[in-house]
Amino acid sequence: MKDMIIGVDLAKAVFQLHGAAAVDGRPLFRKKLSRGQFLRFMSQHPEAVVVMEACGSAHYWSRILMQLGHKVLLIPPQYVRPFVKRQKNDAADAEAIVIAARQPEMRFVSPKTEEQQARAALFRARERLVHQRTELVNALRALLYEFGHVFPAGMGQIGRIAAV
């Protein structure tokens, strides 16, 4: 399992893979696969260390790959960027992911469970609603100020605003 590192640059339609020897980092393969091809390839591939940037679909794919027996590591994107050697493209990103993963001091992100992702989505949705509510109340206060009605800031004033 520890003899190969596969760097995956995730995208919506096409994934770039860069396989390298874990010992010396020697490139073993480079592949460009669709989503379906990627899943087939990884299910047929011997167990390996699979490394991805911690991005939108990385947690989903990490759960799938762990079920297939691979060890999955997620790297924050800002830690991968310094290792891109040439023009920024998906193939170069996949190679940079492998190089970054081989660094002894690299920090990895734990893959999230479906429950953790669902809780985070609910938290972000609630946070957005609170932000929008605050924005609307402030806009209303500003509008009423144009007509000579001054109200202190805060949601506690909404009753006074409604009375006007």
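Let's start with β1 and β2: in this predicted model, these two strands pair in the antiparallel sense, over six bridges. Together they form a hairpin, and four residues lie between them. If you'd like a spot to find on your screen, look for Gly-7, which stands opposite His-18 in β2.

Now, β1 has another partner. Strand β4 runs parallel to β1, and four bridges join them. Here the pair to look for is Ile-6, standing opposite Val-50 in β4.

So how many of the residues of β1 are buried? Six of its six, so the strand is mostly covered, where buried means under 20% relative accessible area. Follow the side chains along β1: Met-4, Ile-6 and Val-8 point one way, while Ile-5, Gly-7 and Asp-9 point the other way, and all are buried.

Let's move on to helix α4, residues 90-101. With 12 residues at 1.5 Å a residue, this helix should span 16 Å, and its end C-alpha atoms are 17 Å apart, which agrees.

Is α4 enclosed or open? Nine of its 12 residues are buried, so the helix is largely enclosed by the rest of the structure. Among those buried residues are Ala-92, Asp-93, Glu-95, Ile-97 and Val-98; Ala-100 and Ala-101, towards the end of the numbering, are buried too.

And what do the buried residues of α4 pack against? The partners are the strands β1 (4-9), β2 (14-21), β3 (27-34), β4 (49-53) and β5 (71-75), along with the helix α3 (77-80). That brings us back to the hairpin we began with, since β1 and β2 are both on that list.

Key. Residues are numbered from 1 along each chain as its sequence is written. This is a predicted model: local features need pLDDT of at least 70, side-chain atom pairs count only at pLDDT 80 or more; totals for chains, interfaces and linings use all residues. Side-chain values use heavy atoms; hydrogens and water are left out. The expected span of a helix is 1.5 Å times one less than its number of residues. Buried means under 20% relative accessible area, exposed over 50%, partly exposed in between (1.4 Å probe, protein chains only). Contact means heavy atoms within 4.5 Å. Two strands pair if DSSP finds at least two bridges between them.
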